[in-house]
Amino acid sequence: MAGLIGSRIYSCFKCGNHVSLHDDIISKHFQGGNGRAFLFSQAMNISLGPKEDRRLITGVHTVADVYCSDCEEPLGWKYIRAYEEAQKYKEGKFILEKFKIVTENW
């Protein structure tokens with residue numbers, strides 16, 4: 001936790017658990033299941049649901065839902081596999097829905 005001091009942090013809106021850093025945002029121009037979402041290179045203090053193929057705006061992807069590890073609130077998903085070559089950059093990245101995360105240390 002000491003490495004997070006001074007960092008701009010995103011936390012679970014429900015329980016305040018730290019889930020990602022502002023520096024890990026790749027894009028703020030994504031769509032989640034319920035509105036705007038951010039694409040992150042990393043997430044922390046999360047758990048993953050089972051992998052499944054899901055049809056998203058940009059095609060079929062294998063994803064796993066992402067949950068807060070403290071309160072189990074669904075926050076978004078992790079891209080496991082992209083089937084289209086142009087979408088491969090998303091593999092291993094995380095979508096966190098904007099309304100499910102709050103800022104700290106801003």
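Modeller: Let's start with a term: a patch is made of residues with over 30% relative accessible area and no salt bridge, and like charges are joined within 9 Å. Keep in mind that this is a predicted model.

Biologist: Thanks! Which residues gather in a patch of positive charge on the surface?

Modeller: R8, K28, R36 and K98 do. One of them, K28, lies in strand β3 (residues 25-32).

Biologist: Why is K28 called partly exposed?

Modeller: Partly exposed covers values between under 20% for buried and over 50% for exposed. K28 has 35% relative accessibility, so K28 counts as partly exposed.

Biologist: What makes β3 and β4 a pair?

Modeller: Two strands pair if there are at least two bridges between them. β3 and β4 have 5 bridges, in the antiparallel sense. A hairpin of 2 residues joins these strands.

Biologist: How do you know that R54 and D65 meet in a salt bridge?

Modeller: The cut-off is a side-chain nitrogen of Lys or Arg within 4 Å of a carboxyl oxygen of Asp or Glu. For R54 and D65 the N to O value is 2.9 Å, which fits. R54 sits in strand β5 (residues 46-56) and D65 in strand β6 (residues 59-68), 11 residues apart.

Biologist: And is R54 buried or exposed?

Modeller: Buried means under 20%. R54 has a relative accessible area of 18%, so R54 is buried. D65, at 23% relative accessibility, counts as partly exposed.

Biologist: Why is strand β4 described as largely enclosed?

Modeller: Because 5 of the 6 residues of β4 (residues 35-40) are buried, the strand is largely enclosed by the rest of the structure.

Notes: Residues numbered from 1 in each chain as written. Predicted model: local features only at pLDDT ≥ 70, side-chain atom pairs only at ≥ 80, totals over all residues. Heavy atoms only, no water. Patch = residues over 30% accessible without salt bridge, like charges linked within 9 Å, V, L, I, M, F, W, Y side chains within 5 Å. Areas by Shrake-Rupley, 256 points an atom, 1.4 Å probe, with all protein chains shown as cover. Lys, Arg positive; Asp, Glu negative; His and termini not counted. Charge placed at Lys NZ, Arg CZ, Asp CG, Glu CD. Helix = DSSP H or I, 4+ residues; strand = E, 2+ residues; numbered from the N terminus. Buried < 20%, exposed > 50% of the residue type's maximum accessible area, 1.4 Å probe, protein only.
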